[in-house]
Structures are given as C-alpha cells and as structure tokens.
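Here are some exercises to work through with the model open beside you. Try each task before reading its solution.

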Amino acid sequence: MIRYIYANDLNTEPKLRDSMFRDRADQFKARLGWEVAVDAKGYERDEYDDLNPLYVIWQKPCGSHGGSMRLLPTTGRTMVNDHFKDITGGVHIESPLIWECTRFCLARDTAPGTAAALMLAGGEVMNGFGLRHYVGVFDARMVRIYRLIGAQPDVLGTTGEGRDAISVGLWEFTPESQARVAARAGLSPSVSRQWFEAAFGAAVPIAQHCAA
C-alpha cells in the first residue's frame, strides 16, 4: 500500500523509516555508485531530508519499504535550483504550483508495479494539493522506466551523453496519464484515492505545503 509521511513524522514508523534510508543507500551508493553519504546506521540521507519533505512510500505487507520518492515545494530550497541550474540554462524554477520530486528509489525485492504505484500516488498529491507539475533530475537509466510506466516528462535540458546523461524534466498528471499509470501499477484509481484520503482526508487545502 501507499503511505504519505512527512519527515517530521517518520519516527512514528521506525521500520519503514530505517528500511527506506537503507534501501536508498543500497540503490544510490552500492548499485549506482553515486557520491552520496551513508552514515553509521547505513542510512543515505542529505540536507533536503532535513526540510520536512513529504515522502510517498510503497509499504510492503511486512511493513518495510518497497519504494519511495521525496517531494518538496519549489518555493523553498530544492536540488534542481541549488545544484543543477547548468542543465536548465540558469533558470530558477520556483512556483507554488510546482514541486520537486527526488530520490526515486526501489527496493531490490519490491513487487512489480511499485514504480508505477509511486507515480500514481504522486498524481494524487498533485491533484489533492492543487499542483500543476513536478520537476526533477533523472539519469539515463530512468528513461526506460518512465516509458514503461507511461509517465514520461518534458525534458527541460540534458548534460552528458549515453549512460552518463543527466536531465531535468517536468511532469504533469492528466486523466489519460492517470489511466495509463494505474493500469501499469495494477491498481484501481479509486483504491489509490482511498490511500491518499486516509492520509489527508477528502479535502486538502491548495495552500498546504511542506514546512521549511
């Protein structure tokens, strides 16, 4: 199932928290070889995890992490503005209608359809919070995954070539893309909506956003 948890509330879910940060270390450090810091607990965390982001998490039946992504409003600090302006030609992306999506992570043993379920859940946040787009940085390996999910971004810029390419993309969530992603996830849109409403209620104020 999908869980929506702000960073400030992660301590209420220690098994989910620990397995998420350790799966991030496994994916980004061990498998992909990114230059990320892993602490003594085996966590991969960075400064943006200290900004009370909203985590969208696929929780496995055993209660541990199956996949996740991290959301932050672009009205505050974001990775794309702090570190990747060279890719966007120096453009500062900031709007209450655009949030940044980062740290898209899948556990090694996660169920098929997890990536699509996360994308579907991201669409729920977009619709529920009155957003228009997500912005995010992604590497070449994600292009095939986005294509399979049916949620390809508009590419704003790319640096590097081949497997070393890094891009900044902009996503929207239309009814057509919702249907494609839901089918790929093997989930009913009504079930996806129930999970969102379990976290936030039936109505979410458009002005609601993460605390700095």
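**Exercise 1. Describe the second largest pocket and its lining.**

Step 1: The second largest pocket has a volume of about 200 Å³. On a 1 Å grid over the protein atoms alone, a pocket is an open set of points where a 1.4 Å probe fits, with protein on both sides within 12 Å along at least five of seven lines, and lining residues have an atom within 4 Å of a point. The volume is the space filled by probe spheres set on the points, which are joined across faces, edges and corners.

Step 2: There are 13 lining residues, and Leu 106, Gly 113, Ala 115, Ile 145 and Ile 149 are the closest to the pocket's centre.

Step 3: Look for the helices (DSSP runs of H or I, at least four residues, numbered from the N terminus). The lining receives at least two residues each from α3 (114-128) and α4 (141-149), and α4 gives the most, with four.

This is a predicted model, where local features need pLDDT of at least 70, side-chain atom pairs count only at pLDDT 80 or more, and totals for chains, interfaces and linings use all residues. Residues are numbered from 1 along each chain as its sequence is written, and side-chain values use heavy atoms, leaving out hydrogens and water.

**Exercise 2. Find which residues of α5 are buried and where they sit around the axis.**

Step 1: In α5 (residues 175-185), Ser 177, Val 181, Ala 182 and Ala 185 are buried (under 20% relative accessible area with a 1.4 Å probe, protein chains only; exposed is over 50%).

Step 2: These four lie on the same side of α5 because they cover an arc of only 130 degrees around the axis, taken from the directions from the helix axis to the C-beta atoms.

Step 3: Turned away from that buried side is a face with the exposed residues Pro 175, Glu 176 and Ala 183.
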